[in-house]
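Visitor: I should like a close look at a single part of this model, namely the place where the two chains meet. Please describe that part in detail and set it in the context of each chain.

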Amino acid sequence: MNTIVVLAAILLILMILVGGAKGAKSFIALFLNFIVILFTVILMLNSHNNPVVLTLIACIGVSAINLFYINGINNKTVIAFVSTLITISILLLLIYLFAKKAMIQGFSEEEEEGISIFSLHIGIDFVKVAVSLIIISTLGAITDVAIAISSPIREVFHHNPKISRQELFNSGMVIGRDILGSDTNTLFFAFIGGYMALLLWFRDLSYSFGEIINSKVFGAEMLTIFCGGIGIALIIPIAAGLNAWYITKYVQGEETKQYE
Amino acid sequence: MKWKNNLKKKQVFIFCLLLFLCLVSMVFVTNNYGVYDRPIAKVAHMEVTHSEAEIDMNGNKDRLYTQKLIGELKNGKQKGKKIELTNSYTKSKAYDQAYKTGDELFITIDKSKGKTLKGTIQDVKRDKYMMAGFWTFLFVLYGIGKKQGLFAVFSLAVNIALLAGALEIYVRTGQNLLLLSGLLVILFTVLSLLVINGPNQKTYAAILTTLLGTFASISITLLVMRLTSENGLRYEEMQFLTRPYKTVFIAGLFIGALGAVMDVAITITSSIFELWEKNHDITIQALKKSGLEIGRDIMGTMTSILFFAYISGSIPMLILYLKNALPLGYTLSVNLSLELTRALAGGIGIVLAIPIGLYISIFFIKRKRANI
C-alpha cells in the first residue's frame with residue numbers, strides 16, 4: 001500500500017468523523033486545490049504562457065474553491081474573495097521587485113548534483129516561476145484570514161446595528177490581529193520544518209554566516225517567509241476595510257429600512 | 001488618560017527605535033564590503049556581446065547570451081581598480097543570472113599579467129536585499145499587527161535560532177535530532193503561551209492539547225510509514241545530505257505539524273473557555289457542540305495553509321522534470337511525495353487537535369466547576 005494514499009484516507013476519515021459533511025467538503029476542496037495547482041504547472045510548460053498570469057488565474061480558482069465551495073456564495077464570501085484578489089495583486093508587485101533584484105529564481109549551486117542530468121535551457125522565465133511559487137505558498141493563509149475576518153465582523157455588526165464605519169473597521173483590525181499571530185505561526189513552522197535539511201546542509205558545507213546570508217537558496221527561503229508574513233498582514237486592513245464599507249453602505253441601510 | 005498617553009509614548013519610542021535600527025542596518029549592508037574576505041565588484045558597464053538561439057534535445061527553445069562586464073573592485077588590496085568579467089546566461093535564467101549596471105557581485109580575481117584585471121563571477125551580493133526584505137516584513141507586520149505583529153516576527157527569529165542551536169548540538173554530539181528539536185520547540189511553545197496568556201488553566205489546556213495532538217499525529221504517520229514500508233516515499237530530494245535523511249525528514253515533519261496543531265489548540269481551548277467565562281451555567285453538551293462547530297470551520301483552511309506552503313516549493317522542479325520529457329507520474333512521485341506526507345501529517349494533527357482540545361478544556365472546566 002502506498003503511504004500517501006493511506007495517510008490521505010486517514011485524514012479523510014478523521015475529517016468526516018470530526019467535521020461531518022463539512023469535513024468531507026474540506027477534504028474534497030484540498031483535492032481540488034491540488035488539481036488546480038497541477039493544472040497550472042502543466043500550463044506553465046508552454047513557454048508562450050506567462051507563469052504569473054497563470055498563477056493569478058489559479059489564485060482565482062483556489063479562492064473560489066476555498067471560499068465559495070466550502071462556505072457557499074453570499075456577500076460575506078464574495079467580499080473575502082475580492083479582498084484575497086486585491087491582496088494578491090499588491091503582494092505580486094512586491095514579490096516581483098524582490099525576486100528580480102535579489103536574483104533568487106531557479107536552482108542554486110547547492111542543488112547542482114540533483115539537476116546536472118537535466119537540460120536547464122528550457123525557455124521558461126524562472127523569475128516569474130519564483131514569483132508564482134511565493135504567491136502560491138501563502139495563498140492558503142491569505143484566504144484563511146479573509147474569511148476569518150468577514151464572519152466575526154458581521155457578528156459585531158448584528159450586535160450593534162448602529163455602529164459607524166470607522167468602529168467596524170477597528171473591530172475588524174482587532175479580529176485580524178488575533179488571527180495574524182496564529183496564521184504566521186502555522187506558516188512559519190511549516191517552512192522551518194521544510195528547511196531543516198537546508199540548515200543542516202549549510203552546517204555540513206561549513207558555510208560562513210556571510211555565505212549563508214548571500215546564498216541563493218537561503219535568500220529564496222527567507223523571502224518566501226517574509227512575503228508570506230506580509231501577505232497575511234496585508235489582507236487584514238483590506239478585508240476589514242471592504243467589509244466595513246460594504247456593511248455600512250448596503251447592509252446597514254437595508255436593516256434601517258426594515259425597522260421603519 | 002495618563003495611561004493612554006504612556007501607551008502612545010511607548011509606541012512612538014518602539015517605532016523610533018525600530019526605524020533607527022533599520023536605518024543603521026541598511027547603511028551597514030550597503031557599505032559592508034570590508035567585512036567580506038571574498039572580493040566584491042560593482043558592475044559599472046555592461047555589454048551583451050553575443051546572443052544565439054538554442055534548442056535542447058527535448059525541443060525546448062531558449063536563447064543564450066554572453067555579456068561583458070566592467071566592474072569596480074569594492075574591497076581588498078586592489079580596491080577601486082577596474083576588473084573585466086564575462087558572464088553567459090540564458091533567457092530562462094534557471095541556473096544563471098543576467099547582470100546589470102549597479103549589481104554587486106562576489107568574484108575571484110584571476111592571476112593576470114596585463115594591465116586590466118580579469119575575474120570570474122561567483123555569486124550575487126544579496127545581503128542588502130535580505131535586509132530590505134526583513135525590514136519590509138517587520139514594518140508591515142508591526143504597522144498592521146501592532147504588538148501581535150511584532151511578536152510574530154520575534155517568535156520566528158527565536159524559533160529559527162533554537163532550531164539552528166538544536167542542529168548544532170546534533171552535529172556536535174550526535175544526540176537524537178527528533179528529540180532535540182522537539183524539546184526545544186516545545187520549550188518555546190510553553191514559554192510563549194505562558195507569556196501571551198499567563199499561567200492559567202486555559203494555557204495549560206492549550207499546552208497539553210498541543211503536545212498530545214502533535215504526538216498523536218506523528219505516531220500515526222510513523223506507524224503508517226512502517227506498516228506500508230514507506231511505499232511511494234522518495235527521498236531523492238534529500239539525498240544530498242550526508243546524514244540519515246529520514247531522521248531529518250521526520251524532525252521536519254514534527255516541527256511543521258507542531259506549529260499547526262499549536263494554533264488549533266489555542267483557538268479551540270480559548271473559545272471553549274471564553275464560552276464558559278461568559279456563561280458559567282452552560283451545559284457540557286452545548287460546549288461540545290460549539291467546540292465542534294468552531295473546529296469544523298477551521299480544519300479545512302488550516303490544512304490548506306500547510307498544503308500550499310509545502311507543495312509550492314516543488315514547482316520549479318516539476319517544471320524542470322516535465323520539460324525534460326519525464327513522465328508525469330514519475331515527476332510527481334519524486335518531487336511531491338515528501339511534501340504531501342508533510343501536509344497530510346500536519347492535517348491529521350490539525351483534525352485530531354479539535355476533539356483533544358475540546359475534551360481537555362471540558363476536563364479543566366469540570367474541575368473548576370467542582371471547586372466552585
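Guide: The account below begins with the contact between the chains, follows its helices, and then turns to each chain.

The model is a predicted one. In the contact between the two chains, 111 residues of chain B meet 94 residues of chain A. On the side of chain B that touches chain A, the elements giving two or more residues are β2 (61-73), β5, α2 (127-173), α4 (201-227), α5 (245-278), α6, α7 and α8 of chain B. Helix α2(B) supplies the largest share of that side, with 24 residues.

One helix pair across the contact can be described residue by residue. Helix α5 of chain A, residues 126-159, packs against helix α6 of chain B, residues 284-312, with the two axes 7 Å apart and at an angle of about 170°. Because angles over 145 degrees count as roughly antiparallel, α5(A) and α6(B) are classed as roughly antiparallel to each other. From α5(A), the contact draws on A:Leu133, A:Ile136, A:Ser137, A:Leu139, A:Gly140, A:Ala141, A:Thr143, A:Asp144 and A:Ile147. From α6(B), the residues taking part are B:Thr301, B:Ser304, B:Ile305, B:Phe307, B:Phe308, B:Ala309 and B:Ser312. As background to such a list, an α-helix has 3.6 residues a turn, so residues three or four places apart point the same way.

Helix α7 of chain B, residues 315-323, also belongs to the side that touches chain A. This helix is mostly covered, since eight of its nine residues are buried. The buried residues of α7(B) are B:Ile315, B:Pro316, B:Leu318, B:Ile319, B:Leu320, B:Tyr321, B:Leu322 and B:Lys323. Their packing partners come from both chains: α1, α4 (112-115) and α5 of chain A, together with α6 and α8 (328-371) of chain B. Helices α5(A) and α6(B), the pair described above, are thus among the elements against which the buried residues of α7(B) pack. Just after α7(B), the backbone at B:Ala325 adopts a positive phi of about 65°.

Chain A contributes its part of the contact from an architecture of helices. Its secondary structure comes to eight helices and zero strands. The C-alpha trace of chain A spans about 75 × 45 × 40 Å along its principal axes, and 54% of its 260 residues are buried. Of the contacts in chain A with a separation of 6 or more, 79% are between residues 24 or more positions apart. Helix α1 of chain A, one of the partners of α7(B), covers residues 3-44 and includes A:Ala8. A:Ala8 counts as buried because it has 20 C-beta neighbours inside 10 Å, and 20 or more is the requirement for that class. Between the C-alpha atoms of A:Ala8 and A:Pro237, which lie 229 residues apart along the chain, the separation is 36 Å.

Chain B combines eight helices with five strands. From the N terminus on, its elements run α-β-β-β-β-β-α-α-α-α-α-α-α. The chain is divided into domain 1 (2-33), domain 2 (36-125) and domain 3 (176-371), and the centres of domains 1 and 3, taken over C-alpha atoms, are separated by 36 Å. The radius of gyration of chain B is 27 Å, whereas a compact globule of 372 residues would have one near 21 Å. Its C-alpha trace spans about 90 × 65 × 40 Å along the principal axes. Buried residues make up 42% of chain B.

Strands β2 and β5 of chain B, both on the side that touches chain A, belong to a barrel. Five strands close in the order β1-β2-β3-β5-β4, with mixed pairing. Neighbouring strands of this sheet are turned by 40° against each other on average, direction ignored. Strand β5(B), residues 117-124, pairs with β3(B), residues 82-90, in the parallel sense over three bridges; in that pairing, B:Leu85 has B:Gly119 as its bridge partner. Strand β4(B), residues 104-110, pairs with β5(B) in the antiparallel sense over six bridges, and B:Leu105 stands opposite B:Val124. Strand β4(B) is also joined to β1(B), residues 40-55, by three bridges in an antiparallel arrangement, where B:Ile40 stands opposite B:Phe106.

Methods:
Residues numbered from 1 in each chain as written. Chains lettered and ligands numbered in written order. Predicted model: local features only at pLDDT ≥ 70, side-chain atom pairs only at ≥ 80, totals over all residues. Helix = DSSP H or I, 4+ residues; strand = E, 2+ residues; numbered from the N terminus. Buried ≥ 20, exposed ≤ 12 C-beta atoms within 10 Å, placed from the backbone. Contact = placed C-beta atoms within 7 Å. Pairing = 2+ DSSP bridges. Rg over C-alpha atoms; globule rule 2.2 N^0.38 Å. Domains from an automatic or database assignment. Axes fitted to C-alpha atoms, helices over the stretch in contact; angles between N-to-C directions. Parallel < 35°, antiparallel > 145°, perpendicular 65-115°, else oblique.
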